[in-house]
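Q: I'd like to learn how to read a multi-chain model. Could you walk me through it, one feature at a time?

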Amino acid sequence: MARIISMKLAINEAIDQEMTRDPDVIMMGEDIVGGSGGDGEMDAWGGVLGLTKGLYAKHGDRLLDTPLSESAYVGAAIGAATCGLRPIAELMFIDFMGVCFDQIFNQAAKFRYMFGGRAETPLVIRAMVGAGFRAAAQHSQMLTPIFTHIPGLKVICPSNAYDAKGLLIQAIRDNDPVIFCEHKNLYAHECDVPVESYAIPFGEANVVREGKDVTIVAYGLMVHRALEAAKKLEAKRIDCEVIDLRTLSPIDLDTVLESVRSTGRLVCVDEAHPRCSIASDISASVAQQAFGSLKAAIQMVTGPHCPVPFSPSLEDFYIPSADAICAAVERTLVLEVAE
Amino acid sequence: MTNNPFPLDHDQLVASYRTMKTIREFEERLHVDFARGDIPGFVHLYAGEEAIATGIIAHLNDRDRFASTHRGHGHCIAKGVDVHEMMAEIHGKATGSCRGKGGSMHIADLSKGMMGANGILGAGAPLVCGAALASKRRGDGGVGITVFGDGAANQGTILESMNLAAAWKLPVIFVCENNGYAEATSVKHVTGSATYLERFNGFGISGALVDGSDFFAVYETAGELIRRAREGEGPFFLECKVNRFFGHFEGDAQTYRTKAELEDVRANHDCLKIFKSRVTEVGVVRDDEFIAVDKEVMDLIESSVQAAMAAPLPSPDDLLKDVYVSY
Amino acid sequence: MSFEQITPIVMPKWGLSMREGRITKWHVEPGATITVGAEILDVETEKLAGAVEATDPGVFRRKVGECERVYPVKALIGIMAPIDVPDSVIDDYVAAYANPDEGSDDEAVESKYKVANLELGPIRYSVSGAGSQDVLLIHGFGGDVENWMFNIDALSEKYRVFTFDLPGHGESYKGIDDASVPGYAKAVLAFMTAVGIQSANLVGHSMGGAIALQMLASAPERVLSLTLIASAAIGTQINQSYLEGFARANSRKELKPCVEMLFADPALASRKLLDDLLKAKRMDGAQLALEKTIASFATDGAQQLILIHLIEGAARPVLAIHGRRDQIIPVEQSESLRHAKVAILEAPGHMPHVEAAREVNALILEHLSKVN
């Protein structure tokens, strides 16, 4: 049965159902329970934003509150994964990756390859990404491109509650290290989510809106901005196709190419900074593989090349807007008008 | 019947010697072959430190987990990784333990609990905490050993892992192979506390300090700590003071050490010589038995080199294999 | 002058989850005379495309909706009125018409489905309409309640109409012990009891037809009549590669060629239809349920259960409908049926209740009107 729940609850449910199904699934992170070792209540927080609330009551000490030692506990999760457990490590904010990045990109990502195929690291690292929370520069980044760059890692970024549950279940069942990025501004987003468990395969983009005139590719929060832009452009009789990438590594370039071969126009939207972003990655690939289909230059709409500012007015200016996407779409149509 | 004052029987003594000798000859051979240009990349040789690997790993089984350092050949051999496969791996051949994909610094065999040599100093400590956590949850009595040098002891990962292991009471043994040099820099220059033991004590971890060239000291102390860790009393710390014979890496001229020191080390701190003399003195193992083992070991090393030289390189098709389980 | 003489044409609601539709083509111009059943315009929803047909006769006066634009269900899209109603009155009517709020893309679908809790698990279903008799619509292999979206409204004008997801399908329970046709029939009978259907006119499509026949065999007192649409169990041959391809497919690319086989016009295998099918297949247990079903249903292109004799001996009115261009179950199987009213439709493929809904609805209503 489907019912309407938020992405936050969908994520909680995914973890709960997988922990129930598979006794090897454990979770560790800072304050994922909250209250450990103290005299007050257990499950005092259930995660800094309450994502894991209620899980302790059902699964007890399979959830571990860790010291503030990302290197140690993310590394421990990795080590445990090579020993047959299926850990979920929570990196509270992806911005904290700096203090444990070696464990992620030099250890977990490379074991299988360096050890000649004789290792498996079935690990999930969940981390919050994205701006809009007024959390300022060190708590608001979209660092997905840094992870997609690393062979051996898989990188996921859902845009809605239905995808979040299915992709997280897939991530927990997957035998490779997965970085599961949760946009903090989408936790409240609601949609129909089945009560039962289901798994969405990686490497499959979702065409969330069909259209004939231009292809807009986005992920995470930007999918919603793109849909807003598409609605505005409807009034101008511009018909946009919006593709939600869902998984950034592996990435479903085929769906993007198929769409561009039909529309001839591409706008890549990405909350990350412009240099070496997911947007620039897709743009280059499409230019290489579908050049003949392009009727106009590819447009990119990304966050700017600066840290995320604190002041709300500046932060709102920082995040790519629906209007900016509309403008980019219209730039791809200028050639036609000029004719 | 000769009186055996040692905590190992005759066969165990011979086996321990065989392990140490295999490590020694493996490393000595690499030293020669590297200088000749036969070995690609970096190698970091363990010669001089054999007693540590052997003395500790004698107490472990395949269920226990061991994370090594960049100077990992000794640990791998002691843990039972196949010598032929190791040599082939160091030569970058397809028959290597990692199919030529890892090299000297990444030799691993998870089926034997060997979590790998590691090119990143201190990276093994968190991993071993995880392995120990898995053992503790399963209640299988397994322990995790993380080995690091006097230099890596100052890495943040080690310090965080010390705290994590202590806070969660994990069955981990932190082993510091203190050979006095963090690469080319003396430990005196880069370590704030006078001893590592006091640092570990400060983190709530008790331990011991032994002479790393004394096999029996290592064996007995490590055995006690491992036994206690299996019973849930961990974590523990073991510092082994030792000397490395060769440079930090092959090609290192070691000008940061005096010639006198290098000569003294070979003459007076050779764990194999010390072991042999102690054992033959009591008469538990005879000289000719040791000589027989020596010959077998030399044959093994020679055959592993021949096999490695003759083995095929990985094919270009292997380049993209095993990046993921599935993609 | 009042608005009494004005007949609005509104965006129809096909199926329970349709929220909006896109006008793709007008078939009439202002001034045209329209008879009942005439096609006025074509509408495309996310899932399927269809024609809006006139339910009243009259003169078409105004196109309110534009081609290629999307309108919510019940929005005003056209006007019919006698020729003597002035344009200015029509202008006033259009201006005054209260269109329903347009839903945003983020708005969730309000569920109009219910749940029946059988011993084995929940069954998703819907019930609409009222009448002296019940009609039970049974979908086929790989289908779900939405298969009947073009039929529910027409039938519920005269009957109480139930549709549901079979076990293993849609949002009903997935853990099936007995995935054979008799196993399914048992579950459907249990469902009928659970929702208070004493007896019903069964309308079964494909494997749903086989289930309906089996229900007649095991519980004849619960069956008033049978309508068999492209039914299984009346002949041997079946397109095995469709069944297996459907079960195996785990991506849109893999699923598309299978689903296209269902329709005479492959364009009806829309992206939304494929996405919904994938969502259902990805639920834990769904894959296994489909595989178990195939295993008992057909082997090497031959159906394992033939119930044609039940039609011949039945003493129940039987209507068999089949599309000439059916690529899954050959039309000949229905064509040669005796002791049944047989209607072969030339245009459709395996889904005549979708591809030729109006004709099928009319045939069913006529058939049911004779059942007492």
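Q: Let's begin with chain C: how many helices and strands does the secondary structure of chain C come to?
A: Keep in mind that this is a predicted model. Chain C comes to 12 helices and 18 strands.

Q: How do I judge the overall size of chain C, and what radius of gyration does chain C have?
A: The idea is to set the radius of gyration against what a globule of that length would give. For 372 residues, a compact globule would be near 21 Å, and chain C has 21 Å, so the two agree. Along the principal axes, its C-alpha atoms fill a box of roughly 65 × 45 × 35 Å.

Q: What share of chain C counts as buried, and what share of its contacts joins residues 24 or more positions apart?
A: Of its 372 residues, 45% count as buried. Take the contacts in chain C with a separation of 6 or more: residues 24 or more positions apart account for 66% of them.

Q: Which domains does the assignment give for chain C?
A: The domain assignment gives domain 1 (7–96) and domain 2 (114–369). Over C-alpha atoms, the centres of these two domains of chain C are separated by 32 Å. Their contact takes 11 residues from domain 1 and 11 residues from domain 2. On the domain 1 side, the classes are 5 nonpolar, 3 polar and 3 charged residues.

Q: Let's try chain B: how many helices and strands are there in chain B?
A: There are 12 helices and 7 strands in chain B. Its radius of gyration is 19 Å, close to the 20 Å that the globule rule gives for 327 residues, so chain B is as compact as a globular protein of that length. The box filled by the C-alpha atoms of chain B is roughly 60 × 50 × 40 Å along the principal axes. Buried residues make up 54% of the 327 residues. Among contacts in chain B between residues at least 6 apart in sequence, 74% join residues at least 24 apart.

Q: How do I read a single helix? Why is helix α4 of chain B said to be largely enclosed?
A: Go through the helix residue by residue, asking how crowded each one is. Here 8 of the 8 residues of α4 (residues 83–90) of chain B are buried, so the helix is largely enclosed by the rest of the structure. Among them are V83(B), H84(B), M87(B) and I90(B), and the charged-looking names E85(B) and E89(B) are on the buried list too.

Q: Which elements do the buried residues of α4(B) pack against?
A: They pack against α1 (10–35), α3 (73–79) and α12 (287–310) of chain B. After α4(B) comes G92(B), whose phi is positive, near 75 degrees.

Q: On to interfaces: how many residues of chain A are in contact with chain B?
A: Count the residues on each side, then ask which elements supply them. Here 33 residues of chain A are in contact with 34 residues of chain B. On the chain A side, α3 (70–82), α4 (101–108) and α5 (111–114) each supply at least two residues, and α3(A) gives the most, with 10 residues. By class, that side has 15 nonpolar, 13 polar and 5 charged residues.

Q: Can we zoom in on one residue? Where does G79(A) lie, and what does G79(A) touch?
A: G79(A) lies in helix α3 of chain A. Leaving out residues up to four places away in sequence, G79(A) touches M115(B), P126(B), L127(B), V128(B), C129(B), G130(B) and A131(B). The cut-off for buried is 20 or more other C-beta atoms within 10 Å, and G79(A) has 33, so G79(A) is buried.

Q: How many residues of chain C are in contact with chain A?
A: Here 14 residues of chain C are in contact with 19 residues of chain A. On the chain C side, β10 (121–128) and α7 (271–282) are the elements that give two or more residues. That side has 5 nonpolar, 3 polar and 6 charged residues.

Q: Which domains is chain A divided into?
A: Chain A is divided into domain 1 (2–194) and domain 2 (206–338), with 28 Å between their centres over C-alpha atoms. In the contact, 24 residues of domain 1 meet 24 residues of domain 2.

Technical notes: Residues are numbered from 1 along each chain as its sequence is written. Chains are lettered from A and ligands numbered from 1 in the order in which they are written. This is a predicted model: local features need pLDDT of at least 70, side-chain atom pairs count only at pLDDT 80 or more; totals for chains, interfaces and linings use all residues. A residue is buried if 20 or more other C-beta atoms lie within 10 Å of its own, exposed if 12 or fewer, and partly exposed in between; C-beta atoms are placed from the backbone. Helices (H or I, at least four residues) and strands (E, at least two) are DSSP runs, numbered from the N terminus. Two residues are in contact if their C-beta atoms, placed from the backbone, lie within 7 Å. The radius of gyration is taken over C-alpha atoms; the globule rule is 2.2 Å times the number of residues to the power 0.38. Domain bounds come from an automatic or database domain assignment.
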